[in-house]
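Colleague: I have a few quick things to ask about this one. Could you put it up so that we can go through it together?

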Amino acid sequence: MSKKELRFNSKTIHGGQSPDKAYGAVMPPIYQTSTFAQSTPGGHQGFEYSRSANPTRTALENSLASIENGNYGLAFGSGLAAMDAVIKLLDPGDEVISTNDLYGGSYRIFKKIFEKYGIVFHFVGMQDVGKIAAQINKNTKLIWVETPTNPMMNVIDIKAVSQLAKKHNILFAVDNTFATPYLQQPLDMGADIVMHSATKYLGGHSDVVLGALVVKDKELADRLYFIQNASGAVCGPMDSFLVLRGIKTLHVRMQRHCENGKAVAEFLAKHPKIEKVYWPGFTDHPNHLVAKDQMSDFGGMISFVPKGADYHTAIKIVERLQLFTLAESLGGVESLAGHPASMTHASIPKEEREKSGVVDALIRLSVGIEDVEDLIEDLRQAIEE
Ligand code: P1T
C-alpha cells in the first residue's frame, strides 16, 4: 500500500517516513551535526550543510507534507519564522488582506516588521467573505486567514475564500494552528499554503518552539525553500525530532482535546457567573455551519467572559486556577489558561483588539487531555470562590 493512500491516523505515524538508512532505526536519529563529509566537492549523500537540509528535519518536513495532504513541507525555528518566509515572497507595494482577529505576534510581524518594507496590510473581519472582496485591488497578492481565530474562535469559510483568491489570482495562506490537519485540511479546500505554529498541537507537549509550511505546488515550494535557506530561520535536529514524535500521537490527543473541549464549553455556557463563551461547536456560534462543514470536530480552544465583563473578576479567576496553568501558548497535553489582553495579544493596540472582541475580561483556555471532571472542578472553584 502506497503511503500516499494512507488514511489520516496512519499518516501521522508513517506518512513520508522510512527506517533510517544507516541501521534501520525506526525513529530517525537526531542528526546533531552542522555539516556532512564530501568525498569530492559535491560528492555527498544528499546533505551538505544543516541550514540547507538536515536528515532529521527532512523526516519532519516529509511528515508535515503528508498529514496536510501537501507535496512539500518546510520546517522553521518558530511559527513566526514560517510566516516571515511567506511574507518574503512579496515585494514592496504588494498588499495583504488578513483576519482582524489573529494571534498578536502575527499582527506584530505584519505591522511592525514588514510594513516598513512597503508591504501594505488590511485587517478585516473575514467571517463575512464579502468584506475580503471589498478590499481587493490590483496590488493584492496574499490573503492570510487564521481559522478558528486566536482568541475569538471566529470561523472563516476556507472554500469561499479560496474561490475568491483564485478568481483574482491571489496567493491564499491558512494558519491551521488551532484546528490542525486532524480537524481540517486547508490545501484540500483550495488554500495554496498551510502554516503552523508546531509549538502547539503538532508538538503537543509544550517542550519545543517550531514552525511549518506545507504547499502542493513545486514552483511555490522552490521559492519558499530558497527563502528558508537564504534567510536561515530553520529549526534544529532535536526540535525536529520532538515535533515528529508529537505528530505520531496527534490524532489520539486531538480526539481527547475535542471531547474535553466540548464538556468544558458546555459547563461554562450553563454557568450563571459566565456571560459569554466562544466555541465553534455551539449551534448559535455565528459560523457554526461553516465550522461543521469544514472541520470534523470543534477542538479544545475556548474563550469566555465572566458575568459583568469585569477585568478584575477575570484576573481573579485565572489566579485561582490550580490545574489549568496560567501561561502563554496552547495545544499541549496540559490545560492552560491565558489572559489575551495582557499576554498573547498585548501587542495589538487596545482599540484594535476590542473591535474584534478581545476585551480586558476575556479568558482563553487551551483544554488539555486530563480527566475532564478534574478540569471542570478546577474551573468551578475558580469561578465560584
Ligand atoms: O510562537 P510561534 O511558534 O512563533 O507561533 C506563532 C503563532 C502563529 N499563529 C498562531 C495561531 C499562534 O497561536 C501562534 C502562537 N501563539 C501563542 C504563543 C499563543 O499563546 O497564542
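Modeller: Let me begin with one pairing: Ala337 stands opposite Leu365, which belongs to β12. Please keep in mind that this is a predicted model.

Colleague: Which strands pair there, and in what sense?

Modeller: Strand β11, residues 336-338, pairs with strand β12, residues 363-366, in the antiparallel sense, and three bridges hold that pairing. Both strands belong to an open sheet of five strands with mixed pairing, whose order is β8-β9-β12-β11-β10.

Colleague: And which strands stand at the edges?

Modeller: Those are β8 (274-278) and β10 (325-326), and each has a single partner strand, so one side of each is left without a neighbour in the sheet.

Colleague: Switching to β6, how many of its residues are buried?

Modeller: Five of the five residues in strand β6, which spans 193-197, are buried. Ile193, Met195 and Ser197 lie on one side and Val194 and His196 on the other, so that both faces of the strand are covered.

Colleague: What are the strands that pair with it, and how do they run?

Modeller: Strand β5 (residues 171-175) runs parallel to β6 and is joined to it by three bridges, with Ala173 having Ile193 as its bridge partner. Strand β7 (residues 211-215) pairs with β6 in the antiparallel sense over five bridges, and there Met195 has Leu213 as its bridge partner.

Colleague: New topic, backbone oddities. Where are the cis peptide bonds in the loop between β4 and α6?

Modeller: One joins Thr147 and Pro148, with omega at about -10°, and Pro148 sits in the loop between β4 (140-146) and α6 (158-167). Another joins Asn150 and Pro151, with omega at about 10°, and Pro151 is likewise placed in the loop between β4 and α6.

Colleague: Which residues other than glycine have a positive phi?

Modeller: Met153, also in the loop between β4 and α6, has a phi of about 60°, while Ala309, in the loop between β9 (301-306) and α12 (311-320), has a phi near 50°.

Colleague: Are those two buried or exposed?

Modeller: Met153 has a relative accessible area of 2% and is therefore buried, whereas Ala309, at 38%, counts as partly exposed.

Colleague: Last one, about charge on the surface: which residues form the negative patch?

Modeller: The patch is formed by Asp371, Glu373, Asp374 and Glu377. Glu373 is found in helix α14, residues 372-384, and it counts as exposed because its relative accessibility is 52%, where the cut-off for exposed is over 50%.

Methods
Residues numbered from 1 in each chain as written. Predicted model: local features only at pLDDT ≥ 70, side-chain atom pairs only at ≥ 80, totals over all residues. Heavy atoms only, no water. Patch = residues over 30% accessible without salt bridge, like charges linked within 9 Å, V, L, I, M, F, W, Y side chains within 5 Å. Areas by Shrake-Rupley, 256 points an atom, 1.4 Å probe, with all protein chains shown as cover. Salt bridge = Lys/Arg side-chain N within 4 Å of Asp/Glu carboxyl O. Lys, Arg positive; Asp, Glu negative; His and termini not counted. Charge placed at Lys NZ, Arg CZ, Asp CG, Glu CD. Helix = DSSP H or I, 4+ residues; strand = E, 2+ residues; numbered from the N terminus. Buried < 20%, exposed > 50% of the residue type's maximum accessible area, 1.4 Å probe, protein only. Pairing = 2+ DSSP bridges.
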